[in-house]
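Trainee: I am new to this structure and should like to understand the terms used to describe it. May I put some questions to you?

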Amino acid sequence: MSAATAIAQESKSAPEGTESLPKACQVASPGQGMTGKAMEMGDMASHSMSDMGEAQMASMKAMQDMNRTMRATHGIKDPDLAFVCGMIAHHRGAVAMSKIELQSGKDDQAKAWAKKIIADQEKEISEFEAWANKRAQ
């Protein structure tokens with residue numbers, strides 16, 4: 001089999017939406033059954049709830065909350081404000097997911113990244129909020 005054929009077969013077998021992720025992420029993803037809109041919207045109903053652990057459910061909720069808020073910012077006409085408001089939502093989602101990692105994760109490196117993300121993103125959230133608040137005056 002040629003390298004091009006092998007790559008094509010690998011991309012076909014990757015769960016939808018995971019094609020750009022490392023192979024380990026593709027293989028671990030339960031993406032079968034989650035397609036397009038359901039995956040994009042973070043639809044918990046597309047997952048079997050009985051198969052999800054507490055950390056998975058918390059992570060899925062964090063993603064839903066982040067996505068709902070981010071979608072709302074797309075209607076903001078001022079592109080600068082839309083960007084900043086969207087980034088606030090995005091960073092809050094990253095902080096929420098990082099806190100789940102700290103509560104449930106086992107790997108020291110992943111937990112160290114989670115701590116760094118929380119510190120960095122909370123600082124940026126404060127900066128974004130201050131900028132947006134000045135904009136409202």
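Mentor: Let us begin with a term. pLDDT is the predictor's confidence in each residue, on a scale from 0 to 100. The model shown is a predicted one, and pLDDT stays under 50 over residues 32-42. For residues 32-42 the model has 21 contacts beyond four places in sequence.

Trainee: For which other residues does pLDDT stay under 50, and how many contacts beyond four places in sequence does the model have there?

Mentor: Residues 1-11 also have pLDDT under 50, with five such contacts in the model. Where pLDDT is low, the predicted coordinates should not be read in detail. For the protein, the mean pLDDT is 78, and 68% of the residues reach 70 or more.

Trainee: What makes up the secondary structure of the protein?

Mentor: The protein has six helices and zero strands. From the N terminus on, the order is α-α-α-α-α-α.

Trainee: Why are helix 4 and helix 5 called parallel or antiparallel to each other?

Mentor: The axes of helix 4 (residues 54-73) and helix 5 (residues 79-104) cross at roughly 175 degrees. Angles over 145 degrees count as roughly antiparallel; helix 4 and helix 5 are therefore roughly antiparallel. Their axes come within 8 Å.

Trainee: Which residues meet there, and what is their character?

Mentor: Residues of helix 4, among them Ala55, Met63 and Thr73, meet residues of helix 5, including Ala82, His90 and Ser104. The residues of this contact divide into 12 nonpolar, seven polar and no charged.

Trainee: What share of the residues of the protein counts as buried?

Mentor: Buried means under 20% relative accessible area, and 24% of the 137 residues count as buried.

How values were computed:
Residues numbered from 1 in each chain as written. Predicted model: local features only at pLDDT ≥ 70, side-chain atom pairs only at ≥ 80, totals over all residues. Heavy atoms only, no water. Helix = DSSP H or I, 4+ residues; strand = E, 2+ residues; numbered from the N terminus. Buried < 20%, exposed > 50% of the residue type's maximum accessible area, 1.4 Å probe, protein only. Contact = heavy atoms within 4.5 Å. Axes fitted to C-alpha atoms, helices over the stretch in contact; angles between N-to-C directions. Parallel < 35°, antiparallel > 145°, perpendicular 65-115°, else oblique. Nonpolar A, V, L, I, M, F, W, Y, C, P; charged D, E, K, R; others polar.
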